[in-house]
Amino acid sequence: MARLGMVIDLKRCIGCNACTVACKQENGTPAGVHFARVITREVGTYPQTRRTFLPVLCNHCDDAPCAQVCPSGATHIRADGIVMVDKDVCIGCRACAVACPYMNRHYIERGLLAHGYSGDGVSPLEAVKFTQFEEGTMTKCTFCAHRVDQGLEPACVVTCPTEARIFGDLDQKDGRLRRLIRERNGWTLLPEAETKPSVYYLDE
């Protein structure tokens, strides 16, 4: 069984947020819930300044603290490494949100699904998409597991105009992901947390 993961090439990322929009459209997340987002910073001193972009999402950690602390077993790790939340089992205690060092957990507040982005009820699309959420429970990025199960890549990957995101099997020793991580010194966020993330970054 593959261990699915992602490599994000920061040299290719232009901060366009196409991934953010694609994720919102694919997953239909309610207002204020972003599975994928891009952190933008301005660095340097005028006139030698530039903007840097850091796309972030759930790291689908191999040693996921969110799964370890979940008292109901709602958070679980699939055989392919994707960390999931079963909304029908989640009790909304938010222990996972406290445990996640990357702040990639989202609580669906009560009443949030009663209105969409227009503020005047929900659109037909939102009415369909919101059925996958439950108020009073946690939710998170699933690496678009529903697409992966159909042999497709996550929406953020296929939408990226610069192909900065590469999705695949981290356990394939001679695969593209492993080769990129090895040759370009791939790194993960917060290595000191020792969660073994499945999302790597390249900046060389």
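## Exercises: burial, cores and ring pairs

Of this protein's 204 residues, 48% count as buried (under 20% relative accessible area; exposed is over 50%, partly exposed in between, with a 1.4 Å probe and protein chains only). Keep in mind that this is a predicted model, where local features need pLDDT of at least 70 and side-chain atom pairs count only at pLDDT 80 or more, while totals for chains, interfaces and linings use all residues. Residues are numbered from 1 along each chain as its sequence is written, and side-chain values use heavy atoms, with hydrogens and water left out.

**Exercise 1. Work out the overall build of the protein.**

Step 1: Go through the secondary structure, and you get seven helices and nine strands (DSSP runs numbered from the N terminus: helices are H or I with at least four residues, strands are E with at least two).

Step 2: Check the radius of gyration, taken over C-alpha atoms. The protein comes out at 17 Å, close to the 17 Å that the globule rule gives for 204 residues, so it is as compact as a globular protein of that length. (The rule is 2.2 Å times the number of residues to the power 0.38.)

Step 3: Look at the contacts (heavy atoms within 4.5 Å). Among those with a separation of 6 or more, 62% are between residues 24 or more positions apart.

**Exercise 2. Find the nonpolar cores and place Phe143 in them.**

Step 1: A nonpolar core is a set of buried Ala, Val, Leu, Ile, Met, Phe, Trp, Tyr and Cys residues joined through side-chain atoms within 4.5 Å. The largest one here has 43 residues, and Met6 and Phe143 have the most contacts inside it.

Step 2: Ask which elements feed this core. Strand 1 (4–9), helix 1 (18–27), strand 5 (83–85), helix 5, helix 6 (155–159) and strand 9 each supply at least two of its residues.

Step 3: List what Phe143 touches, skipping residues up to four places away in sequence. Its partners include Leu4, Met6, Leu57, Ile82, Val148 and Val199.

Step 4: Don't miss the second, separate core: it has eight residues, including Val7, Leu177, Leu180 and Leu202.

**Exercise 3. Find the aromatic pairs and classify them.**

Step 1: Set the rule. Rings of Phe, Tyr and Trp (its six-membered ring) pair if their centres lie within 6.5 Å; planes under 30 degrees apart count as stacked, over 60 as edge-to-face and the rest as tilted. By this rule there are two aromatic pairs.

Step 2: Take Phe143 and Phe167, which sit 5.2 Å centre to centre with 80° between the planes, making the pair edge-to-face. Phe143 lies in the loop between strand 7 (138–139) and helix 5 (145–148) and Phe167 in strand 8 (residues 165–169), so the pair ties together parts 24 residues apart in sequence. Phe143 is buried at 1% relative accessibility, and Phe167 is buried at 11%.

Step 3: Now Trp187 and Tyr201, a stacked pair at 5.1 Å centre to centre and 25° between the planes. Trp187 is in the loop between helix 7 (176–183) and strand 9 (199–202), and Tyr201 is in strand 9, 14 residues apart. Trp187 is partly exposed at 28%, whereas Tyr201 is buried at 0%.

**Exercise 4. Decide how covered helix 1 is.**

Step 1: Count the buried residues: seven of the ten in helix 1, which is mostly covered. Among them are Ala18, Cys19, Lys24 and Asn27.

Step 2: Find the cover. It includes strand 2 (37–45), helix 4 (124–129), helix 5, helix 6 and strand 8.

Step 3: Look just past the end of helix 1, where Gly28 takes a positive phi of about 60°.
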